[in-house]
Amino acid sequence: MTDLLIGRDLHKSFGLIPALRGASISVAAGEIVAVMGPSGCGKSTLLHCLAGILAPDAGEVHFAGRRIDQLPDRERVQLRRTEFGFVFQFGQLVPELPAIENIALPLRLAGKNSRTALAAAAGWLRRLDLDGLGTRLPGELSGGQGQRVALARALIAHPRVVFADEPTGSLDSFAADQMMDLIVDTARENGTSVIVVTHEARVAAHADRTVVIRDGLNAIQVGAA
Amino acid sequence: MTISYALLTLLEGSARHGYDLKQSYDRRLAAATKPIQFGQIYRILAQLVRDGRAEVLGVEAGAGPDRKRYAITAEGVTDLDAWLSEPEEPQPLLHSVLFTKVLLALISGRSAKRFLDVQRATHLAAMTRLTHARRRATTTQDAILIDFQLFHIEADLRWLDHTESRLAALAEEVRDDRPADRP
């Protein structure tokens, strides 16, 4: 498999506190990789550096053969809009927009007209078992429903990589399993690579490969590289 | 004891022959326990009849033990109700080898952390295999059985992480047992 996303010898500090001390990771096209570790180990910082949200202090990030860690902010924002999708622990949905408009948002930001974007969003409502919930505000959805809206929003623009930071952290174990099954199934259908950050082994076990981070460095890897 | 109550539950549904009871038991419970032998089925049925919790409804013509039809009695139903209402004592399920290896690594001056890392990778790999098996499960029963194994392995993993954070304190406690020539 060809590596789509590569982070090499990444260093990042916040003030005097080192969060990453040389962590490296690669993700192939269509691969699902989990990044595990205890709180404060640097796994979210690693995710943010790979996604172009943070610029590392040292090291390199390459996406589709192109180095991205030194791109200007404007270009990294554009990359995140066109190639990446994001799912966060608490969804981070826009509270004033109903579910269908939250899902459509990436397409609207990409310049698609409202009718096209909402039609695509309606398809995702059906696909993720959210029929009838399109007009509900985020505050009117259950935790599991909200996360499925977040997943639809992450996937609607057909990103090549989805970054999921503790996507099941606010869910009970059954809803968490359902969410991970959905992430894996929809990623496989679309050929999307996924990087999941989690502190739970049960979530990481859904991935093709797990990288364990300790104190900002790679510790162990489980699964074929 | 569990097999007796399994048979009583199956008999509560309808009167049955020993052969039917074995087929049903193996289909529902063998994966979680182990398959049951015919001899065992008939010994337990005989005991249930002696206890008054089951009775023989009729004996059909022919040789062999499987000519009898068994049914649960009212006493059997009462006893089954009581057993299904009782909670079981939590089983700590101490994985004594893991605990022992950590302790002995520290006492012998070897790296307990390295053992924990290797063990963690093995546990994670097992969880991945089981999770993929659960995705392929075609029945809820099979999925829940795999979940049972997953939750227990996850509990071990939490203990491994928790123990790693306390290695220094544990090493200090066993210092007196360490050979003099080991650091």
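Hi everyone. Let me start inside chain A: of its contacts with a separation of 6 or more, 68% are between residues 24 or more positions apart. Please keep in mind that this is a predicted model.

Staying with the fold for a moment, chain A has seven helices and ten strands. Its radius of gyration is 17 Å, close to the 17 Å that the globule rule gives for 225 residues, so chain A is as compact as a globular protein of that length. If you like boxes, the C-alpha atoms of chain A fill one of roughly 45 × 40 × 35 Å along the principal axes. And 53% of the 225 residues of chain A count as buried.

Now to the partner. How many residues does each chain bring to the contact? Chain A brings 15 residues and chain B brings 18 residues. Together the two chains bury about 1500 Å², with 55% of that on carbon and sulfur atoms. Arg202(A), Ala205(A) and Arg214(A) supply 38% of the area that chain A buries against chain B, more than any other three residues.

What about charges? There are six salt bridges between chain A and chain B. One of the residues I just named appears here again: Arg202(A) forms a salt bridge with Asp147(B), with the closest N and O atoms 3.1 Å apart.

So where on chain A does this side come from? At least two residues each are supplied by α6 (173–190), α7 (201–204), β9 (209–214) and β10 (217–222). The most come from α6(A), with five residues. By class, the side of chain A that touches chain B has eight nonpolar, two polar and five charged residues.

Thanks, all!

Definitions and conventions: Residues numbered from 1 in each chain as written. Chains lettered and ligands numbered in written order. Predicted model: local features only at pLDDT ≥ 70, side-chain atom pairs only at ≥ 80, totals over all residues. Heavy atoms only, no water. Contact = heavy atoms within 4.5 Å. Buried area = accessible area lost by both parts, 1.4 Å probe. Salt bridge = Lys/Arg side-chain N within 4 Å of Asp/Glu carboxyl O. Helix = DSSP H or I, 4+ residues; strand = E, 2+ residues; numbered from the N terminus. Nonpolar A, V, L, I, M, F, W, Y, C, P; charged D, E, K, R; others polar. Rg over C-alpha atoms; globule rule 2.2 N^0.38 Å. Buried < 20%, exposed > 50% of the residue type's maximum accessible area, 1.4 Å probe, protein only.
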